[in-house]
Amino acid sequence: MNDSLTPAGTPEPFDHHSPAFAGHWPEVYSDMRAGCPVAHSPRHGGFYAVTRYEDIRRVLREPETFASGRELEFDGRIVGGATVPVTASRLGMMEMDPPDSLAYRRLIAPFFSARTVREYTPRLTTIVDRILDRTIESGRMDVVGDLGAVLPPLVIVDLLGLPLDRWQHYAHALHQGVGHEKGSARAIIGVMREMRELVTEWRERGAGPPGVCTALLEAEVDGRPIDDDLIAELVFMLLTGGVDTTTAQMSNVIGHLDAHPELRRRLIEDPDAVPGATDELLRLYSPGTGAARTVVAPTTLGGVELRPGDRLFLGIGSANRDETVFPDPETVDPDRANAHQHVAFGLGVHRCVGAYLARAELVEVVRALLRRMPDFAVDREALVHRPTIPLVNGWTVMPIRFTPGARVFPEDAAPLPPTATGAPDLPSAARHG
């Protein structure tokens with residue numbers, strides 16, 4: 001079998017960019033795991049879709065055979081990158097290979113460590129409550145527009161020390177890029193240009209915002225300062241990674257809790273079970289659709305012989321539902337012993353550097369919603385899912401209603417105190433769903 005099948009049984013090459021895949025991805029992946037776990041597709045220049053957990057785990061942990069770099073030459077062809085097809089611009093160290101990728105990761109990782117995120121969590125909790133305050137009295141909210149599209153970009157801009165009054169501009173451009181909307185390339189290029197301008201300003205005054213940006217400005221790799229264009233690229237990578245996947249997962253989580261009241265009741269009664277449930281929901285609804293690698297040494301994967309230059313798409317959402325690893329995979333079990341072994345954040349040298357932060361955002365959102373809006377109900381007739389999910393899997397509109405509640409902070413409360421990065425108050429009120 002060389003191609004995947006649609007649920008209706010009509011032969012059709014696998015295409016993670018198609019509306020059919022967006023509507024039926026669990027079934028498509030299940031069929032492929034059972035019948036053709038490494039399936040060739042002629043779409044997007046030709047690639048192999050890898051769908052079983054152990055195969056994907058191997059690829060992610062073997063960079064010497066499966067590379068992430070963008071500009072790899074094989075027989076006169078230039079191929080590579082961490083997406084299929086490749087994006088318009090390089091995604092920082094995500095599209096580098098060791099040792100280069102590890103050098104930059106060592107500089108960045110301490111600013112997103114478990115300890116750093118724990119220290120940031122009180123501020124994160126405050127930001128979540130301030131956002132919920134904007135809708136709590138109305139009894140209605142769009143999980144995507146009023147919460148998911150606000151919290152992740154606001155938090156990552158806050159942590160990076162970028163101009164907070166530009167968070168909506170950055171978020172809009174990134175949302176466009178993930179959705180491959182018309183004009184998205186121009187919007188992304190505009191944000192990257194802004195990053196370069198900011199780095200130039202920081203360099204001229206001798207320092208950037210406290211934290212990772214200044215660390216990159218002051219660092220040396222192989223005895224040389226990091227080029228300003230590369231610093232801008234790395235900052236853009238962090239900005240990109242901190243937005244759309246977490247936004248999407250918030251809608252996936254709230255939608256699941258609405259459809260499974262028994263799980264919601266358990267988490268209300270036992271808030272300590274929220275982190276375990278968060279891991280399970282990350283496993284079941286992996287917000288990042290997949291990752292790509294390029295074969296750089298002859299090998300065999302899933303019984304298929306691969307040659308240097310072959311491109312692989314790793315179905316992260318498929319790996320996390322592999323029944324040979326996660327029995328009864330459709331069930332969310334907060335007590336599942338191996339839930340933490342999901343690969344929603346990747347694995348190995350390219351595991352998401354912001355994984356601790358993303359998980360903390362999800363945990364704090366669930367706790368706050370179950371504490372302040374425990375009876376929320378999704379208006380399922382008004383739900384709108386992403387029409388395609390080439391990069392991110394989630395909803396674009398998810399209205400909920402709930403019993404109106406009280407604000408945590410008075411409407412005329414003083415601005416949120418700045419962090420060490422100097423970030424000012426939260427932005428103006430988001431739209432209501």
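The following exchange goes through a sheet, a helix and a cavity in this predicted model.

User: What makes β1 and β3 the edges of the open sheet?

Analyst: The five strands of the open sheet follow the order β1-β2-β12-β9-β3, with mixed pairing. Within that order β1 (38-41) and β3 (66-67) each have a single partner strand, so one side of each is left without a neighbour in the sheet.

User: How do you know that β1 and strand β2 pair, and in which sense?

Analyst: Two strands count as paired if at least two bridges are found between them, and β1 and β2 (residues 47-50) have four bridges, in the antiparallel sense; therefore they meet the condition for a pair. As one detail, histidine 40 stands opposite tyrosine 48 in β2.

User: Which strands does helix α2 lie across?

Analyst: Helix α2 (residues 53-60) lies across β1, β2, β3, β9 (290-295) and β12 (311-315), and runs at about 125° to β12.

User: Why is the space of about 40 Å³ called a cavity?

Analyst: A cavity is space where a 1.4 Å probe fits but cannot get out, and the structure holds three cavities of 30 Å³ or more. The second largest cavity has about 40 Å³ of space, and its lining consists of Phe21, Trp25, Tyr29, Ser286, Thr289, Gly317, Ile389 and Asn393. Helix α1 (residues 19-35) gives the most to this lining, with three residues.

User: What makes the lining of the second largest cavity divide as it does into nonpolar, polar and charged residues?

Analyst: Phe, Trp, Tyr and Ile count as nonpolar, whereas Gly is among the polar residues, and the lining therefore divides into four nonpolar, four polar and no charged residues.

How values were computed
Residues are numbered from 1 along each chain as its sequence is written. This is a predicted model: local features need pLDDT of at least 70, side-chain atom pairs count only at pLDDT 80 or more; totals for chains, interfaces and linings use all residues. Side-chain values use heavy atoms; hydrogens and water are left out. On a 1 Å grid over the protein atoms alone, a cavity is a set of points where a 1.4 Å probe fits but cannot get out, and a pocket is an open set with protein on both sides within 12 Å along at least five of seven lines; lining residues have an atom within 4 Å of a point. Grid points are joined across faces, edges and corners, and a volume is the space filled by probe spheres set on the points. Helices (H or I, at least four residues) and strands (E, at least two) are DSSP runs, numbered from the N terminus. Contact means heavy atoms within 4.5 Å. Axes are lines fitted to C-alpha atoms, for helices over the stretch in contact, and angles run from 0 to 180 degrees between N-to-C directions.
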